[in-house]
Each structure stands twice: as structure tokens, then as C-alpha cells.
Amino acid sequence: SIVFRMGQRKVIPGLELALSSMKQGGVRKVIVPPKLAYGDRGVCLPEKGCLVPPGETLEYDLTLKRVAISPI
């Protein structure tokens, strides 16, 4: 589970886009193309290799458990 505030760029754009059209309790399989994920840079760490290779298409199974209004 992750918790984040929409619009703060805390998750990849493809996930925000998918979640923005979901309702609480909704379930969805999402395919995120590289341009809405990590693009040509991927997620690579020195001496550890790439966690997400450059140009990778990502697949997620999402469940939107709860929506709340931010107190801030």
C-alpha cells in the first residue's frame, strides 16, 4: 500500500492518470508506457544495475482503497 497526495509528483504520471478516474473500492489493471513512467532513463543505480530498465512498459494491478481530503 502507498499513500500520497495527487498532483505532488510522488508517483509516476501513468499511475496518477489511472487513479484520477477510479472510484473508491475500484480495481483496475494498468499498462503504463515508458513516456508515462520512467522513460529512457529507467531507474538505475550505480553498482546495483537497473531496477526498471530504460524504455520499460510497466504493468500494475491497482485497488483504490480510500480517498480522503488532505488536511493541508
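**Close-up views of a predicted model**

**Figure 1. The lining of the largest pocket.** Helix H1 and strand E4 (58–63) each supply at least two residues of the lining of the largest pocket. The structure shown here and in the following figures is a predicted model. The volume of the largest pocket is about 810 Å³. Its lining is made up of 19 residues, and those that lie nearest the pocket centre are Ile2, Val3, Phe4, Leu64 and Arg66. When the lining residues are sorted by character, 13 are nonpolar, three are polar and three are charged.

**Figure 2. The protein as a whole, as a setting for the other views.** The protein has one helix and four strands, and these elements follow the pattern α-β-β-β-β along the sequence. The C-alpha trace spans about 40 × 25 × 20 Å along its principal axes. Of the 72 residues of the protein, 25% count as buried. Among the contacts with a separation of 6 or more, 52% join residues that are 24 or more positions apart.

**Figure 3. The largest nonpolar core.** This core contains 13 residues, and the members that touch the most other members are Ile12, Val32, Leu58 and Leu62. The elements that contribute two or more residues to the core are H1, strand E1 (27–32) and E4. H1 gives the largest share, which is three residues.

**Figure 4. The packing of helix H1.** The helix comprises residues 13–20, and its buried residues are Gly14, Leu15, Glu16, Ala18 and Leu19. These buried residues of H1 pack against E1 and E4. As background to this view, an α-helix has 3.6 residues a turn, so residues three or four places apart point the same way.

**Figure 5. Ile12 and its surroundings.** Ile12 lies in the segment before helix H1. Is this residue buried or exposed? Ile12 counts as buried because its relative accessible area is 5%, and the cut-off for a buried residue is under 20%. With neighbours within four places in sequence left aside, the contacts of Ile12 are Val32, Leu36, Ala37, Tyr38, Leu58 and Tyr60. One of these partners, Tyr60, is 48 residues from Ile12 in sequence, while the distance between the two in space is 12 Å, C-alpha to C-alpha.

**Figure 6. Val32 and its contacts.** Which residues does Val32 touch, when residues up to four places away in sequence are not counted? They are Ile12, Gly14, Ala37, Glu56, Thr57, Leu58 and Tyr60. Two of these partners, Ile12 and Leu58, belong, as does Val32, to the largest nonpolar core. Another partner, Gly14, is one of the buried residues of H1.

**Figure 7. The disulfide between Cys44 and Cys50.** In general, a disulfide is a covalent bond between the sulfur atoms of two cysteines. The structure holds one disulfide. It joins Cys44 to Cys50, with an S to S distance of 1.9 Å. The torsion about the S-S bond of Cys44 and Cys50 is about 95°, and the disulfide is therefore right-handed. How accessible are the two cysteines of this bond? Cys44 has a relative accessibility of 36% and so counts as partly exposed. Cys50, with a relative accessible area of 41%, is likewise partly exposed. Both assignments follow because partly exposed residues fall between the 20% limit for buried and the 50% limit for exposed.

Conventions
Residues are numbered from 1 along each chain as its sequence is written. This is a predicted model: local features need pLDDT of at least 70, side-chain atom pairs count only at pLDDT 80 or more; totals for chains, interfaces and linings use all residues. Side-chain values use heavy atoms; hydrogens and water are left out. Buried means under 20% relative accessible area, exposed over 50%, partly exposed in between (1.4 Å probe, protein chains only). Contact means heavy atoms within 4.5 Å. A disulfide is a pair of cysteine sulfur atoms within 2.5 Å. On a 1 Å grid over the protein atoms alone, a cavity is a set of points where a 1.4 Å probe fits but cannot get out, and a pocket is an open set with protein on both sides within 12 Å along at least five of seven lines; lining residues have an atom within 4 Å of a point. Grid points are joined across faces, edges and corners, and a volume is the space filled by probe spheres set on the points. Ala, Val, Leu, Ile, Met, Phe, Trp, Tyr, Cys and Pro count as nonpolar, Asp, Glu, Lys and Arg as charged, and the others, Gly among them, as polar. A nonpolar core is a set of buried Ala, Val, Leu, Ile, Met, Phe, Trp, Tyr and Cys residues joined through side-chain atoms within 4.5 Å.
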